[in-house]
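Q: Could you take a close look at the place where the two protein chains meet, and then follow the charged pairs and the DNA contacts outward from there?

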Number of protein chains: 2
Amino acid sequence: MLWETMGKCEQCIIKQFNSLKTLTNEELVRISSCKTSRVVKKGETIFEEGETLKGIYCVRDGICKLTKLSSNGKDQIIKLVVKGELLGQRSLISDESVNLSAIALNDMELCFIPKSEIMNDLQKNTNFTFDILREMAIDLKEADDIIVNMAQKSVRQRLAETLIYINDSFGTKSDGTLSVLLSREDFANIIGTATESTIRVISQFKKEKLIATIGKQIKIIDIEGLRRVE
Amino acid sequence: MLWETMGKCEQCIIKQFNSLKTLTNEELVRISSCKTSRVVKKGETIFEEGETLKGIYCVRDGICKLTKLSSNGKDQIIKLVVKGELLGQRSLISDESVNLSAIALNDMELCFIPKSEIMNDLQKNTNFTFDILREMAIDLKEADDIIVNMAQKSVRQRLAETLIYINDSFGTKSDGTLSVLLSREDFANIIGTATESTIRVISQFKKEKLIATIGKQIKIIDIEGLRRVE
DNA sequence: TATAAAACATGACATTTATCATATTTCATT
DNA sequence: AATGAAATATGATAAATGTCATGTTTTATA
(Lines give C-alpha, C1' and ligand atoms only; values in the text may rest on other atoms or scores of the structure.)
Protein backbone atom coordinates (compact mmCIF):
# COMPACT_ATOMS: atom_id res chain seq x y z
CA MET A 1 0.00 0.00 0.00
CA LEU A 2 1.40 3.34 -1.08
CA TRP A 3 0.53 6.56 0.68
CA GLU A 4 1.56 9.86 -0.74
CA THR A 5 0.51 13.47 -0.57
CA MET A 6 -1.47 14.74 -3.50
CA GLY A 7 -3.03 18.05 -4.45
CA LYS A 8 -5.31 20.22 -2.39
CA CYS A 9 -9.02 19.37 -2.06
CA GLU A 10 -10.09 22.94 -2.64
CA GLN A 11 -8.41 22.89 -6.05
CA CYS A 12 -9.31 19.29 -6.88
CA ILE A 13 -11.41 18.94 -10.01
CA ILE A 14 -12.88 15.66 -8.78
CA LYS A 15 -14.91 17.19 -5.96
CA GLN A 16 -17.48 18.68 -8.32
CA PHE A 17 -18.74 15.16 -9.06
CA ASN A 18 -19.70 14.33 -5.49
CA SER A 19 -21.12 15.83 -2.32
CA LEU A 20 -17.81 17.48 -1.41
CA LYS A 21 -18.78 20.23 -3.88
CA THR A 22 -21.21 21.61 -1.28
CA LEU A 23 -18.42 22.33 1.20
CA THR A 24 -17.06 25.84 1.62
CA ASN A 25 -13.52 26.70 0.65
CA GLU A 26 -12.65 26.93 4.32
CA GLU A 27 -14.01 23.44 5.01
CA LEU A 28 -12.14 22.01 2.03
CA VAL A 29 -8.86 23.52 3.24
CA ARG A 30 -9.38 21.90 6.62
CA ILE A 31 -10.19 18.51 5.06
CA SER A 32 -7.25 18.83 2.69
CA SER A 33 -4.87 19.27 5.58
CA CYS A 34 -5.78 15.96 7.15
CA LYS A 35 -6.56 13.80 4.15
CA THR A 36 -4.17 11.12 2.99
CA SER A 37 -3.83 9.57 -0.44
CA ARG A 38 -3.43 6.03 -1.54
CA VAL A 39 -2.62 4.21 -4.75
CA VAL A 40 -4.30 0.85 -5.24
CA LYS A 41 -3.30 -1.61 -7.95
CA LYS A 42 -5.76 -3.56 -10.09
CA GLY A 43 -7.20 -6.48 -8.14
CA GLU A 44 -6.25 -5.11 -4.73
CA THR A 45 -8.82 -4.81 -1.98
CA ILE A 46 -9.61 -1.31 -0.71
CA PHE A 47 -11.70 -2.53 2.19
CA GLU A 48 -13.42 -5.75 3.11
CA GLU A 49 -16.93 -6.63 4.25
CA GLY A 50 -17.05 -6.50 8.05
CA GLU A 51 -14.18 -4.05 8.40
CA THR A 52 -14.65 -0.86 10.41
CA LEU A 53 -13.87 2.16 8.28
CA LYS A 54 -12.17 5.12 9.86
CA GLY A 55 -13.29 7.52 7.17
CA ILE A 56 -14.43 7.78 3.58
CA TYR A 57 -12.64 7.54 0.27
CA CYS A 58 -12.90 9.89 -2.68
CA VAL A 59 -12.05 8.16 -5.95
CA ARG A 60 -9.59 10.37 -7.82
CA ASP A 61 -8.98 7.87 -10.59
CA GLY A 62 -9.89 4.32 -11.59
CA ILE A 63 -12.85 2.03 -11.07
CA CYS A 64 -13.74 -0.49 -8.38
CA LYS A 65 -16.46 -3.02 -7.72
CA LEU A 66 -18.47 -3.29 -4.51
CA THR A 67 -19.12 -6.94 -3.74
CA LYS A 68 -20.89 -8.95 -1.09
CA LEU A 69 -20.20 -12.55 -0.24
CA SER A 70 -23.32 -14.74 -0.26
CA SER A 71 -23.66 -17.55 2.27
CA ASN A 72 -23.23 -20.05 -0.59
CA GLY A 73 -19.71 -18.71 -1.12
CA LYS A 74 -20.36 -16.69 -4.27
CA ASP A 75 -19.60 -13.02 -4.67
CA GLN A 76 -22.27 -10.64 -5.83
CA ILE A 77 -21.28 -7.32 -7.39
CA ILE A 78 -23.69 -4.67 -6.11
CA LYS A 79 -22.28 -1.56 -7.71
CA LEU A 80 -19.40 -0.15 -9.77
CA VAL A 81 -17.83 2.99 -8.38
CA VAL A 82 -15.87 5.26 -10.69
CA LYS A 83 -13.67 8.34 -10.60
CA GLY A 84 -15.44 11.19 -8.85
CA GLU A 85 -17.57 9.15 -6.47
CA LEU A 86 -17.31 8.63 -2.73
CA LEU A 87 -16.80 5.29 -1.02
CA GLY A 88 -17.80 4.27 2.48
CA GLN A 89 -20.39 6.96 3.32
CA ARG A 90 -23.14 4.49 4.12
CA SER A 91 -21.22 2.64 6.77
CA LEU A 92 -19.96 5.89 8.26
CA ILE A 93 -23.48 7.25 8.60
CA SER A 94 -25.13 4.19 10.08
CA ASP A 95 -22.02 3.72 12.24
CA GLU A 96 -21.64 0.07 11.33
CA SER A 97 -18.92 -2.05 9.76
CA VAL A 98 -19.00 -1.94 5.96
CA ASN A 99 -21.41 -4.41 4.39
CA LEU A 100 -19.56 -4.58 1.09
CA SER A 101 -15.99 -5.19 -0.05
CA ALA A 102 -14.37 -2.77 -2.50
CA ILE A 103 -11.93 -4.21 -5.03
CA ALA A 104 -10.05 -2.22 -7.69
CA LEU A 105 -10.85 -3.15 -11.30
CA ASN A 106 -7.88 -1.14 -12.52
CA ASP A 107 -5.14 0.95 -10.95
CA MET A 108 -6.71 3.57 -8.70
CA GLU A 109 -5.90 6.76 -6.87
CA LEU A 110 -7.89 7.38 -3.71
CA CYS A 111 -8.05 10.15 -1.15
CA PHE A 112 -8.93 9.18 2.38
CA ILE A 113 -10.76 11.61 4.66
CA PRO A 114 -10.88 10.69 8.36
CA LYS A 115 -14.29 10.09 9.91
CA SER A 116 -13.95 12.94 12.42
CA GLU A 117 -13.61 15.53 9.66
CA ILE A 118 -16.59 14.27 7.69
CA MET A 119 -18.77 13.93 10.76
CA ASN A 120 -17.92 17.49 11.67
CA ASP A 121 -19.27 18.67 8.32
CA LEU A 122 -22.31 16.44 8.61
CA GLN A 123 -23.09 18.16 11.90
CA LYS A 124 -22.60 21.72 10.71
CA ASN A 125 -23.18 22.00 6.99
CA THR A 126 -26.80 21.26 6.09
CA ASN A 127 -26.10 21.50 2.37
CA PHE A 128 -23.50 18.77 2.68
CA THR A 129 -25.74 16.49 4.70
CA PHE A 130 -28.62 17.05 2.33
CA ASP A 131 -26.47 16.32 -0.69
CA ILE A 132 -25.23 13.07 0.82
CA LEU A 133 -28.88 12.28 1.57
CA ARG A 134 -29.86 13.00 -2.02
CA GLU A 135 -27.12 10.74 -3.36
CA MET A 136 -28.23 7.97 -1.04
CA ALA A 137 -31.85 8.37 -2.11
CA ILE A 138 -30.71 7.86 -5.69
CA ASP A 139 -28.65 4.81 -4.72
CA LEU A 140 -31.69 3.39 -2.96
CA LYS A 141 -33.86 3.84 -6.03
CA GLU A 142 -31.23 2.11 -8.15
CA ALA A 143 -31.08 -0.72 -5.65
CA ASP A 144 -34.87 -1.13 -5.95
CA ASP A 145 -34.52 -1.40 -9.71
CA ILE A 146 -31.81 -4.03 -9.36
CA ILE A 147 -34.00 -6.06 -7.02
CA VAL A 148 -36.82 -6.08 -9.56
CA ASN A 149 -34.45 -7.06 -12.37
CA MET A 150 -32.92 -9.87 -10.33
CA ALA A 151 -36.31 -11.16 -9.28
CA GLN A 152 -38.20 -10.91 -12.53
CA LYS A 153 -35.87 -10.99 -15.52
CA SER A 154 -33.99 -13.74 -17.32
CA VAL A 155 -30.22 -14.05 -17.47
CA ARG A 156 -30.38 -12.90 -21.10
CA GLN A 157 -32.28 -9.77 -20.15
CA ARG A 158 -30.05 -9.02 -17.17
CA LEU A 159 -26.89 -9.34 -19.26
CA ALA A 160 -28.38 -7.15 -22.00
CA GLU A 161 -29.31 -4.49 -19.45
CA THR A 162 -25.91 -4.68 -17.79
CA LEU A 163 -24.17 -4.11 -21.11
CA ILE A 164 -26.44 -1.15 -21.86
CA TYR A 165 -25.89 0.23 -18.36
CA ILE A 166 -22.11 0.04 -18.64
CA ASN A 167 -22.22 1.54 -22.11
CA ASP A 168 -24.45 4.44 -21.07
CA SER A 169 -22.82 5.14 -17.70
CA PHE A 170 -19.15 4.70 -18.46
CA GLY A 171 -18.92 5.01 -22.22
CA THR A 172 -16.72 3.37 -24.82
CA LYS A 173 -13.12 3.60 -26.02
CA SER A 174 -12.19 4.91 -29.44
CA ASP A 175 -12.54 1.43 -30.96
CA GLY A 176 -16.10 1.21 -29.66
CA THR A 177 -15.43 -1.36 -26.93
CA LEU A 178 -16.80 -0.74 -23.43
CA SER A 179 -14.37 1.37 -21.46
CA VAL A 180 -14.96 -0.60 -18.27
CA LEU A 181 -13.24 -3.94 -18.80
CA LEU A 182 -14.81 -6.78 -16.85
CA SER A 183 -14.06 -10.48 -16.85
CA ARG A 184 -16.82 -12.92 -17.75
CA GLU A 185 -16.84 -13.89 -14.08
CA ASP A 186 -17.41 -10.24 -13.09
CA PHE A 187 -20.38 -10.08 -15.46
CA ALA A 188 -21.70 -13.28 -13.93
CA ASN A 189 -21.35 -11.78 -10.46
CA ILE A 190 -23.23 -8.66 -11.52
CA ILE A 191 -26.17 -10.47 -13.05
CA GLY A 192 -26.16 -13.23 -10.47
CA THR A 193 -25.58 -16.33 -12.53
CA ALA A 194 -22.93 -18.94 -13.29
CA THR A 195 -19.87 -17.85 -15.28
CA GLU A 196 -20.63 -20.52 -17.90
CA SER A 197 -24.16 -19.18 -18.37
CA THR A 198 -22.78 -15.68 -18.90
CA ILE A 199 -20.29 -16.93 -21.48
CA ARG A 200 -23.05 -18.82 -23.29
CA VAL A 201 -25.27 -15.74 -23.47
CA ILE A 202 -22.37 -13.62 -24.70
CA SER A 203 -21.85 -16.21 -27.44
CA GLN A 204 -25.58 -16.04 -28.30
CA PHE A 205 -25.47 -12.24 -28.46
CA LYS A 206 -22.49 -12.51 -30.81
CA LYS A 207 -24.34 -14.91 -33.08
CA GLU A 208 -27.34 -12.59 -33.03
CA LYS A 209 -25.04 -9.70 -34.02
CA LEU A 210 -26.02 -7.68 -30.95
CA ILE A 211 -22.41 -7.43 -29.79
CA ALA A 212 -18.94 -8.25 -31.03
CA THR A 213 -15.91 -9.27 -28.98
CA ILE A 214 -12.24 -8.41 -29.37
CA GLY A 215 -10.49 -10.71 -26.96
CA LYS A 216 -12.32 -10.23 -23.69
CA GLN A 217 -13.45 -6.76 -24.74
CA ILE A 218 -17.06 -6.26 -25.76
CA LYS A 219 -18.42 -3.87 -28.35
CA ILE A 220 -22.14 -3.17 -28.60
CA ILE A 221 -23.27 -3.32 -32.22
CA ASP A 222 -27.04 -3.15 -31.91
CA ILE A 223 -28.11 -1.40 -28.73
CA GLU A 224 -31.75 -1.27 -29.80
CA GLY A 225 -31.63 -5.00 -30.35
CA LEU A 226 -30.22 -5.44 -26.85
CA ARG A 227 -33.09 -3.40 -25.45
CA ARG A 228 -35.55 -5.76 -27.13
CA VAL A 229 -33.94 -8.90 -25.67
CA GLU A 230 -36.43 -11.15 -23.89
CA MET B 1 -61.04 8.09 0.78
CA LEU B 2 -61.78 9.37 4.26
CA TRP B 3 -60.07 12.38 5.75
CA GLU B 4 -60.47 13.28 9.36
CA THR B 5 -58.63 15.15 12.07
CA MET B 6 -56.72 13.02 14.50
CA GLY B 7 -54.58 13.70 17.53
CA LYS B 8 -51.69 16.08 17.84
CA CYS B 9 -48.24 15.10 16.53
CA GLU B 10 -46.50 16.34 19.65
CA GLN B 11 -48.51 13.90 21.73
CA CYS B 12 -48.50 11.07 19.21
CA ILE B 13 -46.90 7.90 20.49
CA ILE B 14 -46.05 6.79 16.95
CA LYS B 15 -43.44 9.46 16.35
CA GLN B 16 -40.86 7.80 18.61
CA PHE B 17 -40.49 5.03 16.02
CA ASN B 18 -39.34 7.28 13.21
CA SER B 19 -37.28 10.35 12.44
CA LEU B 20 -40.03 12.70 13.64
CA LYS B 21 -38.77 11.98 17.15
CA THR B 22 -35.84 14.30 16.52
CA LEU B 23 -38.10 17.32 15.99
CA THR B 24 -38.61 19.86 18.73
CA ASN B 25 -41.99 20.31 20.38
CA GLU B 26 -42.37 23.59 18.57
CA GLU B 27 -41.71 21.96 15.20
CA LEU B 28 -44.18 19.18 15.97
CA VAL B 29 -46.89 21.66 16.87
CA ARG B 30 -46.34 23.42 13.57
CA ILE B 31 -46.50 20.14 11.64
CA SER B 32 -49.54 19.02 13.58
CA SER B 33 -51.42 22.13 12.56
CA CYS B 34 -51.09 21.39 8.86
CA LYS B 35 -51.14 17.63 8.75
CA THR B 36 -54.15 15.73 7.50
CA SER B 37 -55.20 12.17 8.28
CA ARG B 38 -56.48 9.44 6.08
CA VAL B 39 -58.03 6.04 6.53
CA VAL B 40 -57.17 3.44 3.90
CA LYS B 41 -58.97 0.12 3.57
CA LYS B 42 -57.26 -3.20 2.93
CA GLY B 43 -56.25 -3.52 -0.71
CA GLU B 44 -56.50 0.22 -1.45
CA THR B 45 -53.64 2.06 -3.09
CA ILE B 46 -51.96 4.82 -1.06
CA PHE B 47 -49.87 6.06 -3.96
CA GLU B 48 -48.81 4.67 -7.28
CA GLU B 49 -45.46 4.37 -9.06
CA GLY B 50 -44.90 7.48 -11.14
CA GLU B 51 -47.10 9.74 -9.03
CA THR B 52 -45.72 12.99 -7.66
CA LEU B 53 -46.06 13.08 -3.90
CA LYS B 54 -46.90 16.33 -2.22
CA GLY B 55 -45.61 15.21 1.15
CA ILE B 56 -44.84 12.18 3.29
CA TYR B 57 -47.02 9.75 5.21
CA CYS B 58 -46.58 8.59 8.77
CA VAL B 59 -48.14 5.17 9.34
CA ARG B 60 -50.27 5.38 12.48
CA ASP B 61 -51.70 1.90 12.12
CA GLY B 62 -51.69 -1.03 9.72
CA ILE B 63 -49.26 -2.47 7.20
CA CYS B 64 -48.65 -1.86 3.52
CA LYS B 65 -46.50 -3.29 0.78
CA LEU B 66 -44.24 -1.26 -1.52
CA THR B 67 -44.31 -2.75 -4.99
CA LYS B 68 -42.72 -2.07 -8.34
CA LEU B 69 -44.05 -3.19 -11.68
CA SER B 70 -41.52 -5.07 -13.79
CA SER B 71 -41.50 -4.61 -17.56
CA ASN B 72 -42.78 -8.19 -17.89
CA GLY B 73 -45.97 -7.15 -16.12
CA LYS B 74 -45.26 -8.75 -12.73
CA ASP B 75 -45.26 -6.90 -9.44
CA GLN B 76 -42.27 -7.14 -7.15
CA ILE B 77 -42.71 -6.38 -3.45
CA ILE B 78 -39.65 -4.42 -2.32
CA LYS B 79 -40.53 -3.74 1.29
CA LEU B 80 -43.23 -4.03 3.94
CA VAL B 81 -43.93 -0.85 5.89
CA VAL B 82 -45.60 -1.08 9.27
CA LYS B 83 -47.05 1.14 11.96
CA GLY B 84 -44.53 3.73 13.06
CA GLU B 85 -42.64 4.10 9.80
CA LEU B 86 -42.59 6.92 7.27
CA LEU B 87 -43.60 6.59 3.64
CA GLY B 88 -42.46 8.66 0.69
CA GLN B 89 -39.27 10.26 2.08
CA ARG B 90 -37.05 8.95 -0.69
CA SER B 91 -39.02 10.50 -3.50
CA LEU B 92 -39.36 13.75 -1.58
CA ILE B 93 -35.62 14.00 -1.07
CA SER B 94 -34.52 13.18 -4.58
CA ASP B 95 -37.39 15.35 -5.85
CA GLU B 96 -38.64 12.72 -8.24
CA SER B 97 -41.91 10.90 -8.75
CA VAL B 98 -42.25 7.85 -6.49
CA ASN B 99 -40.60 4.72 -7.84
CA LEU B 100 -42.82 2.33 -5.88
CA SER B 101 -46.52 1.86 -5.33
CA ALA B 102 -47.87 1.54 -1.77
CA ILE B 103 -50.84 -0.77 -1.20
CA ALA B 104 -52.53 -1.44 2.14
CA LEU B 105 -52.37 -5.04 3.37
CA ASN B 106 -54.95 -4.32 6.03
CA ASP B 107 -56.96 -1.32 7.16
CA MET B 108 -54.63 1.59 7.81
CA GLU B 109 -54.51 4.99 9.44
CA LEU B 110 -52.09 7.46 7.90
CA CYS B 111 -51.05 11.02 8.66
CA PHE B 112 -50.00 13.15 5.74
CA ILE B 113 -47.46 15.95 6.20
CA PRO B 114 -47.13 18.42 3.32
CA LYS B 115 -43.79 18.61 1.53
CA SER B 116 -43.21 22.27 2.44
CA GLU B 117 -43.29 21.53 6.18
CA ILE B 118 -40.89 18.61 5.94
CA MET B 119 -38.50 20.43 3.65
CA ASN B 120 -38.45 23.28 6.11
CA ASP B 121 -37.27 20.92 8.84
CA LEU B 122 -34.77 19.28 6.51
CA GLN B 123 -33.27 22.73 5.93
CA LYS B 124 -33.11 23.80 9.54
CA ASN B 125 -32.92 20.81 11.84
CA THR B 126 -29.65 18.91 11.36
CA ASN B 127 -30.71 16.17 13.76
CA PHE B 128 -33.79 15.49 11.68
CA THR B 129 -31.87 15.41 8.39
CA PHE B 130 -29.24 13.18 9.89
CA ASP B 131 -31.81 10.77 11.28
CA ILE B 132 -33.55 10.50 7.91
CA LEU B 133 -30.11 9.90 6.43
CA ARG B 134 -29.39 7.16 8.96
CA GLU B 135 -32.69 5.42 8.21
CA MET B 136 -31.96 5.57 4.52
CA ALA B 137 -28.47 4.14 5.04
CA ILE B 138 -30.10 1.20 6.82
CA ASP B 139 -32.65 0.77 4.01
CA LEU B 140 -29.81 0.77 1.51
CA LYS B 141 -27.95 -1.94 3.39
CA GLU B 142 -31.10 -4.04 3.52
CA ALA B 143 -31.59 -3.52 -0.21
CA ASP B 144 -28.03 -4.80 -0.79
CA ASP B 145 -28.86 -7.93 1.18
CA ILE B 146 -32.02 -8.49 -0.84
CA ILE B 147 -30.06 -8.16 -4.09
CA VAL B 148 -27.63 -10.85 -2.97
CA ASN B 149 -30.44 -13.15 -1.90
CA MET B 150 -32.30 -12.70 -5.16
CA ALA B 151 -29.18 -13.26 -7.20
CA GLN B 152 -27.68 -16.18 -5.35
CA LYS B 153 -30.29 -18.15 -3.47
CA SER B 154 -32.91 -20.70 -4.47
CA VAL B 155 -36.66 -20.17 -4.19
CA ARG B 156 -36.67 -22.53 -1.18
CA GLN B 157 -34.03 -20.47 0.59
CA ARG B 158 -35.70 -17.17 -0.24
CA LEU B 159 -39.05 -18.35 1.05
CA ALA B 160 -37.46 -19.71 4.23
CA GLU B 161 -35.67 -16.40 4.82
CA THR B 162 -38.82 -14.41 4.10
CA LEU B 163 -40.77 -16.43 6.67
CA ILE B 164 -38.01 -15.91 9.25
CA TYR B 165 -37.84 -12.20 8.42
CA ILE B 166 -41.58 -11.70 8.86
CA ASN B 167 -41.53 -13.74 12.05
CA ASP B 168 -38.63 -11.81 13.55
CA SER B 169 -39.67 -8.34 12.38
CA PHE B 170 -43.41 -8.40 12.90
CA GLY B 171 -43.99 -11.25 15.31
CA THR B 172 -46.79 -13.75 15.73
CA LYS B 173 -50.35 -13.83 17.02
CA SER B 174 -51.36 -15.69 20.15
CA ASP B 175 -51.95 -18.89 18.15
CA GLY B 176 -48.40 -18.73 16.81
CA THR B 177 -49.30 -17.75 13.25
CA LEU B 178 -47.45 -14.89 11.59
CA SER B 179 -49.13 -11.61 12.45
CA VAL B 180 -48.61 -10.22 8.96
CA LEU B 181 -51.04 -12.09 6.75
CA LEU B 182 -49.92 -12.37 3.14
CA SER B 183 -51.47 -14.23 0.23
CA ARG B 184 -49.42 -16.88 -1.55
CA GLU B 185 -49.21 -14.44 -4.42
CA ASP B 186 -47.74 -11.77 -2.11
CA PHE B 187 -45.10 -14.25 -0.96
CA ALA B 188 -44.35 -15.03 -4.61
CA ASN B 189 -43.96 -11.32 -5.32
CA ILE B 190 -41.58 -10.89 -2.39
CA ILE B 191 -39.30 -13.77 -3.33
CA GLY B 192 -39.62 -13.15 -7.07
CA THR B 193 -41.09 -16.38 -8.33
CA ALA B 194 -44.33 -17.80 -9.70
CA THR B 195 -47.27 -18.20 -7.32
CA GLU B 196 -47.41 -21.93 -8.07
CA SER B 197 -43.77 -22.35 -7.13
CA THR B 198 -44.38 -20.59 -3.83
CA ILE B 199 -47.37 -22.83 -3.08
CA ARG B 200 -45.31 -25.91 -3.88
CA VAL B 201 -42.50 -24.89 -1.54
CA ILE B 202 -45.01 -24.09 1.22
CA SER B 203 -46.37 -27.61 0.74
CA GLN B 204 -42.83 -29.03 0.95
CA PHE B 205 -42.12 -27.08 4.13
CA LYS B 206 -45.34 -28.48 5.61
CA LYS B 207 -44.32 -32.05 4.76
CA GLU B 208 -40.90 -31.40 6.27
CA LYS B 209 -42.61 -30.12 9.45
CA LEU B 210 -40.87 -26.75 9.22
CA ILE B 211 -44.18 -24.90 9.16
CA ALA B 212 -47.89 -25.57 9.60
CA THR B 213 -50.80 -23.81 7.95
CA ILE B 214 -54.21 -22.87 9.28
CA GLY B 215 -56.14 -21.78 6.22
CA LYS B 216 -53.88 -19.24 4.55
CA GLN B 217 -52.16 -18.46 7.84
CA ILE B 218 -48.66 -19.80 8.42
CA LYS B 219 -47.12 -20.92 11.68
CA ILE B 220 -43.39 -21.53 11.96
CA ILE B 221 -42.73 -24.80 13.79
CA ASP B 222 -39.00 -25.29 13.33
CA ILE B 223 -37.24 -21.98 12.78
CA GLU B 224 -33.80 -23.58 13.09
CA GLY B 225 -34.77 -26.00 10.37
CA LEU B 226 -35.86 -23.11 8.19
CA ARG B 227 -32.48 -21.49 8.72
CA ARG B 228 -30.79 -24.65 7.47
CA VAL B 229 -32.85 -24.85 4.26
CA GLU B 230 -30.69 -25.14 1.15
C1' DT C 1 10.28 -17.12 -26.46
C1' DA C 2 8.72 -20.96 -23.58
C1' DT C 3 5.62 -22.34 -20.21
C1' DA C 4 2.23 -22.50 -16.82
C1' DA C 5 -1.78 -20.44 -15.12
C1' DA C 6 -5.86 -18.16 -15.79
C1' DA C 7 -9.66 -17.01 -18.52
C1' DC C 8 -12.69 -18.27 -22.08
C1' DA C 9 -15.61 -21.55 -24.54
C1' DT C 10 -18.66 -25.43 -25.38
C1' DG C 11 -20.91 -30.02 -24.79
C1' DA C 12 -23.60 -33.21 -21.93
C1' DC C 13 -26.49 -33.67 -18.46
C1' DA C 14 -28.92 -32.58 -13.92
C1' DT C 15 -31.69 -29.54 -11.39
C1' DT C 16 -34.61 -25.79 -10.69
C1' DT C 17 -38.28 -23.07 -11.94
C1' DA C 18 -42.07 -21.59 -15.09
C1' DT C 19 -46.21 -22.53 -17.48
C1' DC C 20 -50.54 -24.51 -18.39
C1' DA C 21 -54.32 -27.32 -17.06
C1' DT C 22 -57.41 -28.62 -13.71
C1' DA C 23 -59.10 -29.66 -9.09
C1' DT C 24 -60.25 -28.25 -4.54
C1' DT C 25 -60.92 -25.13 -0.85
C1' DT C 26 -62.04 -20.74 1.14
C1' DC C 27 -64.54 -16.60 1.38
C1' DA C 28 -67.71 -12.95 0.51
C1' DT C 29 -72.29 -12.02 -0.88
C1' DT C 30 -76.85 -12.87 -1.59
C1' DA D 1 -77.45 -22.11 3.30
C1' DA D 2 -76.55 -21.42 -1.77
C1' DT D 3 -73.55 -19.60 -5.14
C1' DG D 4 -69.92 -17.71 -7.64
C1' DA D 5 -65.40 -15.77 -7.44
C1' DA D 6 -60.97 -15.88 -5.73
C1' DA D 7 -57.33 -18.27 -3.64
C1' DT D 8 -54.99 -22.49 -2.86
C1' DA D 9 -53.25 -26.89 -4.44
C1' DT D 10 -51.22 -30.32 -7.52
C1' DG D 11 -49.89 -32.78 -11.84
C1' DA D 12 -47.63 -32.80 -16.35
C1' DT D 13 -44.50 -30.79 -19.08
C1' DA D 14 -41.44 -27.20 -21.00
C1' DA D 15 -37.91 -23.92 -20.48
C1' DA D 16 -34.14 -21.85 -18.09
C1' DT D 17 -30.16 -22.31 -15.56
C1' DG D 18 -26.52 -24.81 -12.99
C1' DT D 19 -22.84 -28.19 -12.82
C1' DC D 20 -19.15 -30.91 -14.35
C1' DA D 21 -15.97 -32.20 -17.83
C1' DT D 22 -12.93 -30.94 -21.18
C1' DG D 23 -10.69 -28.32 -24.71
C1' DT D 24 -8.96 -23.80 -26.45
C1' DT D 25 -7.20 -19.23 -26.13
C1' DT D 26 -5.11 -15.51 -23.74
C1' DT D 27 -2.04 -13.60 -20.45
C1' DA D 28 1.58 -13.20 -17.25
C1' DT D 29 6.01 -14.32 -16.11
C1' DA D 30 10.21 -16.88 -15.94
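A: Let's start right at the seam: 40 residues of chain B are in contact with 40 residues of chain A. Keep in mind as you look that this is a predicted model. Between them, the two chains bury about 3,900 Å², and 69% of that sits on carbon and sulfur atoms. If you want three residues to click on, try Leu133(B), Ile147(B) and Gln152(B): they supply 16% of the area that chain B buries against chain A, more than any other three residues.

There's polar chemistry across the seam too. The count is 14 residue pairs in polar contact between chain B and chain A. On the chain B side, the elements giving two or more residues are strand S6 (75-82), helix H2 (89-94), H3 and helix H4 (126-152). H4(B) brings the largest share of that side, with 21 residues. Sorted by class, the side of chain B that touches chain A has 18 nonpolar, eleven polar and eleven charged residues.

Now the charges. Side chains of opposite charge can pair when their charged atoms come close. Four salt bridges turn up across the interface of chain B and chain A. For an example of a salt bridge joining the two chains, look at Glu96(A) and Lys141(B), whose closest N and O atoms are 3.6 Å apart.

Over all chains, the structure holds 32 salt bridges, and a few inside single chains are worth a look. In chain B, Arg30(B) pairs with Asp121(B), with 2.8 Å between the closest N and O atoms. That pair links distant parts of the chain: Arg30(B) is in helix H1 (residues 25-34) and Asp121(B) in helix H3 (residues 115-124), 91 residues apart. Arg30(B) is partly exposed because its relative accessibility is 28%, whereas Asp121(B), at 0%, counts as buried.

Also in chain B, Glu208(B) and Arg156(B) meet in a salt bridge, 3.1 Å from N to O. Glu208(B) lies in the loop between helix H7 (195-207) and strand S10 (211-214) and Arg156(B) in helix H5 (residues 155-170), so the pair ties together parts that are 52 residues apart in sequence. Glu208(B) is partly exposed at 38% relative accessibility, and Arg156(B) is partly exposed at 21%.

Over in chain A, the side chains of Lys153(A) and Glu161(A) form a salt bridge at 2.7 Å, N to O. Lys153(A) counts as buried, since its relative accessibility is 12%, while Glu161(A) is partly exposed at 30%. Chain A also has a network of salt bridges linking Lys21(A), Asp131(A) and Arg134(A).

Finally, the DNA. Strand C is surrounded by 15 residues, the closest being Arg200(A), Ser203(A), Thr193(B), Ser197(B) and Arg200(B). Of the atoms of strand C that come within 4 Å of the protein, sugar and phosphate account for 57%. Both chains take part through H7: helix H7 (195-207) of chain A and H7 of chain B each supply at least two residues of the surface near strand C. H7(A) gives the largest share, four residues. By class, this surface has three nonpolar, five polar and seven charged residues.

Zoom in on the phosphates and chain B gives you three contacts to inspect. A polar side-chain atom of Thr193(B) lies 2.2 Å from a phosphate oxygen of DNA strand C. For Ser197(B), a side-chain N or O atom is 2.8 Å from a phosphate oxygen of that strand. Val155(B) uses its backbone instead, with an N or O atom 3.0 Å from a phosphate oxygen of strand C.

Terms used
Residues are numbered from 1 along each chain as its sequence is written. Chains are lettered from A and ligands numbered from 1 in the order in which they are written. This is a predicted model: local features need pLDDT of at least 70, side-chain atom pairs count only at pLDDT 80 or more; totals for chains, interfaces and linings use all residues. Side-chain values use heavy atoms; hydrogens and water are left out. Buried means under 20% relative accessible area, exposed over 50%, partly exposed in between (1.4 Å probe, protein chains only). A residue is near a molecule or strand if one of its heavy atoms lies within 4 Å of it. A polar contact is a pair of N or O atoms within 3.5 Å; within protein, one must be able to donate a hydrogen and the other to accept it, and residues adjacent in sequence count only if both atoms are side-chain atoms. Ala, Val, Leu, Ile, Met, Phe, Trp, Tyr, Cys and Pro count as nonpolar, Asp, Glu, Lys and Arg as charged, and the others, Gly among them, as polar. Contact means heavy atoms within 4.5 Å. Buried area is the accessible area (1.4 Å probe) that two parts lose on being put together, summed over both.
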